[in-house]
Amino acid sequence: MVYAAILGYGTVGSGVAQVLEENKKVIAKKAGGEISVKYILDLRDFPGDPNQDKVVHDFQIILEDPEISVICETMGGREPAYSFSKSALLAGKSVCTSNKELVAAHGPELLRLARENNCNYLFEASVGGGIPIIRPMNYSLTAEEIDGITGILNGTTNYILTKMKREGADFETVLKEAQEKGYAEKNPEADVEGHDACRKIAILSSLMLGKTVHYEDIYTEGITGITREDFLYARELERTIKLLAVSKLNEDGCSAMVAPFMLSNTNPLHGIHDVYNAVFVHSNMLGDSMYYGRGAGKLPTASAVVSDVVDCARHQGKTVMCIWDEEETSLVDYRTTVRRFFVRVKGSVLEEAKAQELFGDISVIRLKERPEEYGFVTPPVREQDFEEKISRAEGVLGRIRLED
């Protein structure tokens, strides 16, 4: 018997309890023994809940119980999640978490503490919700040198962009609908400004490199500037718009970015719609592989946490391999990256000459629905050169990077 505790009985924490109960037979078979929740830590009481008798309000009860070997940290935020996780690992208790903010900020330190105390710090659910991606990178791709990761890592923004494309709606209208359906938080900043995706690509980049990539160093741009008109141009270009988290390794080092991109119809991420997420990985021997599924939600995320609990049960007294050192690595300046851009400009045919003068051989797109403006696609240009040129242009309404 393996006894577990759950820290935080919100959406994911209650989902963990549900998965462990409803799938207890198959979980016991795969874990090599039954897994039982002994405690649930929360500030609240839950009268009438099936697990009401397991609720405690003092973390020390969990920490000092020798029967507890696995702790599921589903509280979110940095504190007290960090302090509780650190104390648990120092006591030799494994921790499984869905907390991407904590993993991005303190992952390598907590992994080191787990190794030093013969237990585990596992975080499959912190990236991509229920999509297996951490474990494939640590196990299935161990023979590979991974040199590129591109992902749709936020279900809220993907839902908003999907609705804007399908319905021709504007950002604010779709955001309000997403909030009403529970797909977006009351304060959606972490999602729509790209911060959530940024933390996730920082985690994946750190695993790709085996060294620490700080999310604060990653250039991040959200979707609040995307308009319904952008999707009209994307349609003419046989493209769609997605918020991508990108990390690529080349001879100069690793570059990372979160930003909206216009994707070609042949891109594997083009067809990822609604709240679904996908991670596209490139490695030197396998080539391309993609991992797809529900990137958020109560049960998909809880399922990923429980998969880590099973791993802990299988490896009691042993540390599961995860190469992520505390040594820091610097990112290549994203402004040196060469790519094409789509630009919207207010003006007539006369203004096209100015754009050609700035960017050279551009491809111009005009829409019948928007005679007062036009769009154009630049030839390949360095980011820093593009920004310098676009600063000299007049009437610019927006710009989006292109990815084939």
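Here is a walk through the structure, from its cores to its empty spaces.

What you see is a predicted model, in which local features need pLDDT of at least 70 and side-chain atom pairs count only at pLDDT 80 or more, while totals for chains, interfaces and linings use all residues. Residues are numbered from 1 along each chain as its sequence is written, and side-chain values use heavy atoms, with hydrogens and water left out.

Let's begin on the inside. A nonpolar core is a set of buried Ala, Val, Leu, Ile, Met, Phe, Trp, Tyr and Cys residues joined through side-chain atoms within 4.5 Å; buried means under 20% relative accessible area, exposed over 50%, and partly exposed in between, using a 1.4 Å probe and protein chains only. The largest such core has 82 residues, and those touching the most other members are Ile62, Tyr121, Phe123, Ile133, Ile160, Ile203 and Leu204. Helix H10 (residues 195-209) supplies the largest share of this core, with 8 residues. Helices (H or I, at least four residues) and strands (E, at least two) are DSSP runs, numbered from the N terminus. Apart from this core lies another, of 30 residues, including Val12, Leu20, Ala31 and Cys72.

Now pick out Ile133. Setting aside neighbours within four places in sequence, Ile133 is in contact (heavy atoms within 4.5 Å) with Glu124, Val127, Leu204, Val279, Val281 and Tyr291.

H10 deserves a look of its own. Of its 15 residues, 13 are buried, so the helix is largely enclosed by the rest of the structure. From first C-alpha to last, H10 reaches 21 Å, close to the 21 Å expected at 1.5 Å a residue; that expected span is 1.5 Å times one less than the number of residues. Just after H10 comes Gly210, with a positive phi of about 75°.

Further along, Phe341 sits in strand S14 (residues 341-346). Is Phe341 buried or exposed? Its relative accessibility is 0%, so Phe341 counts as buried. Beyond its neighbours within four places in sequence, Phe341 is in contact with ten residues' worth of company, among them Phe376, Val381, Arg399 and Leu402. Gln316 is 25 residues from Phe341 along the chain, and their C-alpha atoms are separated by 51 Å.Next come the empty spaces. On a 1 Å grid over the protein atoms alone, a cavity is a set of points where a 1.4 Å probe fits but cannot get out, and a pocket is an open set with protein on both sides within 12 Å along at least five of seven lines; lining residues have an atom within 4 Å of a point. Points are joined across faces, edges and corners, and a volume is the space filled by probe spheres set on them.

The largest pocket holds about 1,100 Å³ of space. Among its 35 lining residues, Val12, Lys100, Glu185, Asp196 and Ala296 are the closest to its centre. H10 turns up here too, as one of the elements giving two or more residues to this lining. By type, the lining divides into 9 nonpolar, 16 polar and 10 charged residues (Ala, Val, Leu, Ile, Met, Phe, Trp, Tyr, Cys and Pro count as nonpolar, Asp, Glu, Lys and Arg as charged, and the others, Gly among them, as polar).

The second largest pocket has about 330 Å³ of space. Lys248, Ser255, Thr337, Val338 and Arg339 lie nearest its centre, out of 17 lining residues.

Finally, how many cavities of 30 Å³ or more does a search of the whole structure find? The search finds 1, with about 90 Å³ of space. Helix H6 (134-140) gives the most to the lining of this cavity, with 4 residues.
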